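Colleague: I have a few "how do you know" questions for you about this entry. Could we go through them with the coordinates open?

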Amino acid sequence: MNPDALASFALSAPQIEILAIAMVTAVGCALVGSFLMLRRLAMLSDAISHSILPGIVVAFFVVKDLASPWLVLAAAATGVLTVFLVELLHRSGRLKEDAAIGLVFPALFSLGIVLITRYAGNVHLDTDAVLLGELAFAPFDRLLVAGRDLGPRHLWVMGGITLLNLAAVTVFFKELKLATFDAGLAATLGLSPALIHYGLVTLVSLTAVGAFDAVGLILLVALMIAPPAAAYLLTDRLHWLLVVACGLGALAAALGYGAAAALDASIAGSMAVASGLVFGVIFLVAPRRGLLAEVARRRRQKWEFAQTMLAIHLAQHEGDADEEEESREDHLRGRHVGWTPAFTARVVSLAERRGLVTRAGERLHLTELGRGAAAKALAR
Amino acid sequence: MLALGIGALSALATDYTLRTVALGSAALGLVSGALGAFAVLRRQSLLGDAVSHAALPGIVLAFLLTGSKAPLVLVVGAALTGWLASLLVLLIVRASRIKLDSALGIVLSSFFGLGLVLLSLAQRHAGASQAGLDRFLFGQAAALVGADLVTMAGLGALVLAALLLFWKEFKLLSFDAAFAGSLGLPVRRLEVVLTSLLVLAIVIGLQTVGVVLMSAMIVAPATAARQWTDRLGRLVLLAGAFGALAGLVGALLSSLVPRLPTGPTIVLAITAIAVLSLLFAPQRGLVAARLRAARQRRRLQVDAVLADLYRLAAQHPEPAAAPHAAAVLRAMSERHGVLRSLGRLAETGLAREDADGRWRLTPAGVAAGRRLAETGAPGAEPGSGEP
């Protein structure tokens, strides 16, 4: 490889910073997203990420500063309010939870958009930035303390939120685990389900606010849900799920950023596509729960079932008057069992290979193993 | 508000563009409302969200591949990716342990992300001619022209005709899919047809409402209509009517008021209709339910006081001639509003107040109290509450 090609792979300092922000964001999202996914609240992340917009806008009108911590608080509060409204509607018994979500977040989001376009047309808060993020400009926004450049501000913000998520998940691991997998038992043991639920929702809202600069509101759901869902296909252990989800999230962020840089395309969009692709690949090839493994298992089960049927058929007729007739392979092909010739040949040869039957011309004999298999299947 | 309404009406009568916009928005509301009724009944409220987001890459791809911005071309692209997305969601849910909500989130975000990538590529490489495409994000009814209207009306008519044609099948599918299967209906195929119609209904609205907010036009009209009726036919009609109304109002407002984006305005209009319906619908409305509950509680309180008074009176040889103080009743039942309940009993002729402020049952009241005690109504256990 010549030095020029190598140089084109080397990242510039701003690119490294962008990549770092993207990966830290992905890890923070995966940490809380895992619990949303397990609690079947994935679409709540979509709802929260949309509906924090009016919170951000209103707080911006008040403090006139996009970097103010008040924006973060106001937006996080709006996120929690969204969940509260959804539950209020759901509890009224008038509509299902998914319909409640579908009613609340477009309304709040619309409110935010109307506020922006009507009253904030000429300030630095346009819909594109809110929706799509502007990660490409993040390296220009530095955190300066006493005149010293400490790095991009977003890296500090997202790093802080991710550390907060990590601390919360570590400290309350047992509580979150119990409340997620057995809410009833958690409540019996004195853990308040509402407290845990709203604690989680608060973290999700905070993460959404922090990430909105980086990936925009709409693509947040990609980083929150796709990596944990992919990890869910790989492991049954919660702590491994969290670790794998964080790793896959960071991987998707890096792949997405690389593709965006290569194609000169939207970074946020590219990261979302990468998350989806990472999930797609694992969905296909995951060892036990992937689509291919599932198809293979169903096929194997079909043949195993047919072999068992063969063994049962032979066992039923052992020693009765029709034994000679019923135990012939050509009989199986006939109308009595209704198997096609090819299917019959395959089943018989598979059963022979497994040692369930032996063959003498067209006549099939059940082995001891085959007799056992038939008995076991019938006893079940 | 009134002046705005009159202005809107006169403008509607004279302005061709405005009429196009209003008609288009009303048509979109009608179709998405009607199809949304089925989506909400079948608990697929959020499928609309995934489908509408997934339409974006289709729109941009159709443009990049054909170079055309004809409404029919873009709509076909949108429908194809939207449809693909809905199938992918079903595949993920059926073939793995991923739940519906996660599948929706993944498909929605990655398709939308692809749309954004393609959009940014179109912007950077295909020159300025793509400028019309980002209006699909939030919709722009003002940009509707005659050709759009023809496309929307044609597709809308197609969707509604299919809905009428398969009415009985879809009805059965929505309420009892297992029974539909046992009758020999091709449930899987009907589901695909219904979902495809939903995709079409969503695609029709994208130009006006935009991919981000279109899901509201599926969920909100049906939610509003559900509060007013228990019949499927009326539900679908009402949802269509609410959707059309919101489309009309939203499009007109956004055309007349400067810097008011169309999609969000329509969504706020339909949300207002839904919230008003949730609150004030006569049977299922929350206000009506609250009033009913209050009336019920009031009646129980009156019954309880009647039972207490009867229990006291029954200790005497002549029940109707045994007055008791309200304070005693209050002590017995610890309920608020004892005097109000006594007043209510007096109004119905079951009790009356003596000159000294003590209360006694009338003969009718004694009979009513006995009936209450014998049928085991609340607060009438014998042997308790000795004075």
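Modeller: Gladly; below, each label is set against the value behind it.

Modeller: One reminder before we start: this is a predicted model.

Colleague: Fair enough. Let us begin with A:Val273: what makes it count as buried?

Modeller: The cut-off is 20 or more other C-beta atoms within 10 Å. A:Val273 has 31 C-beta neighbours inside 10 Å, so it counts as buried. The residue lies in helix 13 of chain A.

Colleague: Which residues does A:Val273 touch, leaving aside those up to four places away in sequence?

Modeller: A:Val273 touches A:Gly256, and from the other chain B:Ser110, B:Gly113, B:Leu114 and B:Val117. A:Ala222 is also worth a look: its C-alpha is 8.2 Å from that of A:Val273, although the two are 51 residues apart in sequence.

Colleague: That takes us to the interface. How many residues of each chain are in contact there?

Modeller: On chain A, 53 residues are in contact with 48 residues of chain B. On the chain A side, the elements that give two or more residues are helix 3 (42–63), helix 5 (97–119), helix 11 (220–232), helix 13 (267–285) and helix 14 (291–317). The largest share, 14 residues, comes from helix 5 of chain A. By class, that side of chain A divides into 33 nonpolar, eleven polar and nine charged residues.

Colleague: Now the helix pairs. Why are helix 11 and helix 12 of chain A called oblique to each other?

Modeller: Their packing angle is about 125°, with the axes 8 Å apart. Roughly perpendicular ends at 115 degrees and roughly antiparallel needs over 145. The pair is therefore oblique. The crossing of these two helices is right-handed.

Colleague: Which residues make that contact?

Modeller: From helix 11 of chain A come A:Leu223, A:Pro227, A:Pro228, A:Ala230, A:Ala231 and A:Tyr232. Helix 12 of chain A brings A:Leu241, A:Val244, A:Ala245, A:Leu248, A:Gly249 and A:Ala252. That contact has eleven nonpolar residues, one polar and no charged.

Colleague: And in chain B, at what angle do helix 3 and helix 11 cross?

Modeller: Helix 3 (residues 47–66) and helix 11 (residues 214–226) of chain B cross at roughly 155°, and their axes come within 8 Å. Over 145 degrees counts as roughly antiparallel, and that makes helix 3 of chain B roughly antiparallel to helix 11 of chain B. Their crossing is right-handed. In the contact, B:Gly48, B:Asp49 and B:Ser52 of helix 3 meet B:Met214, B:Ser215, B:Ile218 and B:Val219 of helix 11. These residues divide into three nonpolar, three polar and one charged.

Colleague: What is notable about the phi of A:Asp264?

Modeller: Most residues other than glycine have a negative phi. A:Asp264 has a positive phi of about 60° although it is not a glycine. This residue lies in the loop between helix 12 and helix 13 of chain A. In chain B, the phi of B:Arg259 is near 55°, again a positive value in a residue other than glycine. B:Arg259 is found in the loop between helix 12 (232–256) and helix 13 (262–280) of chain B.

Colleague: How do you know whether A:Asp264 and B:Arg259 are buried or exposed?

Modeller: Exposed means 12 or fewer other C-beta atoms within 10 Å. A:Asp264 has 10, so it is exposed. B:Arg259 has 11 such neighbours and therefore counts as exposed.

Definitions and conventions
Residues are numbered from 1 along each chain as its sequence is written. Chains are lettered from A and ligands numbered from 1 in the order in which they are written. This is a predicted model: local features need pLDDT of at least 70, side-chain atom pairs count only at pLDDT 80 or more; totals for chains, interfaces and linings use all residues. Two residues are in contact if their C-beta atoms, placed from the backbone, lie within 7 Å. Helices (H or I, at least four residues) and strands (E, at least two) are DSSP runs, numbered from the N terminus. Ala, Val, Leu, Ile, Met, Phe, Trp, Tyr, Cys and Pro count as nonpolar, Asp, Glu, Lys and Arg as charged, and the others, Gly among them, as polar. Axes are lines fitted to C-alpha atoms, for helices over the stretch in contact, and angles run from 0 to 180 degrees between N-to-C directions. Angles under 35 degrees count as roughly parallel, over 145 as roughly antiparallel, 65 to 115 as roughly perpendicular and the rest as oblique. A crossing is left-handed if the near helix is turned anticlockwise from the far one by less than a right angle, and right-handed if clockwise.
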